[in-house]
Amino acid sequence: MATERFLKLSQDKKDRILQAARHEFARVPFEDASINQIIKEAGISRGSFYTYFEDKLDLLHYVFRDEGMRNEQYFRELLLRKQGNYWEALHEWVYSIEKLIDQGSIQEDINIIMQSGMMQRILAFTESGKMDHAECMKNEWFRRQIDPTCFRHSDRPGQFAVIIRLGNAIAMMTVMALVAHAPEEHARVLRNFETELAILREGADPHFRVGEAPIGDVSAGA
């Protein structure tokens, strides 16, 4: 991961290096990504690069870590906006991303995922049951903010953690499917998401029954 020297750089310089990396990782497959191109755009020397990162794979991991931190912050904001309702926050998170994909607002992010081969790794990791929405739900902050009335057994930490992990995995798999499919297929992907989330909620949410109307308007967006 990034060295202490990189972390101590000014935010402007860190942003410049990460933006250069994002441009390059989105432009070509990871194997063809050029450190020379990255340092040229970032305005740093090759020697400096290697005091910040071990290699370009190390840099790629940091790019995804940075994206994950921003994503976690957005989910925190959603959870607060939804007054702790985990299901509503997760639902809006997925539909917000679908809207951004449809608008082309995160095309660079999508290109990085596709060019780096990270999509296959994320899918494998998610299907293994280890993906935990950037592990953020292990954070005590989330446990305090989630409304316990959303769950039948919020007083059972083991069951609570498993339900959150499954919900996060459903959401992540949906996002990956949205990225992988053409826009005309998105409605079908979102219907599958609604079905899967409803089935999970039937066993977890004491106030919900399968067959109820979706949590939010499909066209609502962020």
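Helices here are DSSP runs (H or I) of at least four residues, numbered from the N terminus. With that in hand, welcome to a predicted model, shown in a set of close-up views.

**Figure 1. The whole chain is a run of helices, with 11 helices and zero strands.** Start here to get your bearings. From the N terminus on, the elements read α-α-α-α-α-α-α-α-α-α-α. The protein chain has 222 residues, and 44% of them count as buried. Among contacts with a separation of 6 or more, 67% join residues that are 24 or more positions apart.

**Figure 2. Helix H2 packs on helix H3.** H2 covers residues 11-27 and H3 covers residues 35-42. Their axes are 8 Å apart and meet at an angle of about 140 degrees, so H2 is oblique to H3. The crossing of this pair is right-handed. To find the contact, look on H2 for Arg16, Ile17, Gln19, Ala20, Ala21, His23, Glu24 and Phe25. On H3, the partners are Gln37, Ile38, Glu41 and Ala42. Sorted by class, the contact of H2 with H3 has six nonpolar, three polar and three charged residues.

**Figure 3. Helix H5 packs against helix H7.** The angle between H5 and H7 is about 140 degrees, and their axes lie 12 Å apart. Why is this pair called oblique? Angles under 35 degrees count as roughly parallel, over 145 as roughly antiparallel and 65 to 115 as roughly perpendicular, and the rest are oblique; at about 140 degrees, H5 and H7 are therefore oblique to each other. The crossing of H5 and H7 is left-handed. H5 brings Leu60, Phe64 and Glu67 to the contact, while H7 brings Asp109, Ile112, Ile113 and Ser116. By class, that gives four nonpolar, one polar and two charged residues for the contact of H5 with H7.

**Figure 4. Ser116 sits in helix H7.** Helix H7 spans residues 107-116. You may remember Ser116 from the previous view, where this residue is one of those making the contact of H5 with H7. Is Ser116 buried or exposed? The relative accessibility of Ser116 is 6%, and buried means under 20%, so Ser116 counts as buried. The side chain of Ser116 reaches the backbone oxygen of Ile113 at 3.3 Å. Ile113 is also among the H7 residues in the contact with H5.

**Figure 5. His61, in helix H5, and Met1 are 60 residues apart in sequence.** How far apart are these two in space, C-alpha to C-alpha? The separation is 7.1 Å. His61 has a relative accessible area of 34%, so this residue is partly exposed.

**Figure 6. Gln83 has a positive phi although it is not a glycine.** Gln83 lies in the loop between helix H5 (56-81) and helix H6 (86-103). The phi of Gln83 is about 55 degrees. That sign is worth a second look, because most residues other than glycine have a negative phi. With a relative accessible area of 70%, Gln83 is exposed.

**Figure 7. Helix H6 packs against helix H11.** Two packed helices are described by the angle between their axes and the distance between the axes. For H6 and H11, the angle is about 170 degrees and the distance 12 Å. The two helices are therefore roughly antiparallel to each other. From H6, the contact takes in Trp87, Leu90, His91, Val94, Tyr95, Glu98 and Ile101. From H11 come His186, Leu190, Phe193, Glu194, Leu197, Leu200, Arg201 and Ala204. By class, the contact of H6 with H11 holds 10 nonpolar, two polar and three charged residues.

**Figure 8. Arg191 and Asn192 stand in helix H11, each with a partner elsewhere along the chain.** Helix H11 runs over residues 186-204. Arg191 is exposed, with a relative accessible area of 52%. Asn192 counts as partly exposed, at 37% relative accessibility. What makes the labels of these two neighbours differ is the cut-off: exposed means over 50%, and partly exposed lies between that value and 20%. Now follow each one to its partner. The C-alpha atoms of Arg191 and Thr174 are separated by 10.0 Å, with their positions 17 residues apart along the chain. For Asn192 and Ile170, 22 residues apart along the chain, the C-alpha separation is 9.7 Å.

Technical notes: Residues are numbered from 1 along each chain as its sequence is written. This is a predicted model: local features need pLDDT of at least 70, side-chain atom pairs count only at pLDDT 80 or more; totals for chains, interfaces and linings use all residues. Side-chain values use heavy atoms; hydrogens and water are left out. Buried means under 20% relative accessible area, exposed over 50%, partly exposed in between (1.4 Å probe, protein chains only). Axes are lines fitted to C-alpha atoms, for helices over the stretch in contact, and angles run from 0 to 180 degrees between N-to-C directions. A crossing is left-handed if the near helix is turned anticlockwise from the far one by less than a right angle, and right-handed if clockwise. Contact means heavy atoms within 4.5 Å. Ala, Val, Leu, Ile, Met, Phe, Trp, Tyr, Cys and Pro count as nonpolar, Asp, Glu, Lys and Arg as charged, and the others, Gly among them, as polar. A polar contact is a pair of N or O atoms within 3.5 Å; within protein, one must be able to donate a hydrogen and the other to accept it, and residues adjacent in sequence count only if both atoms are side-chain atoms.
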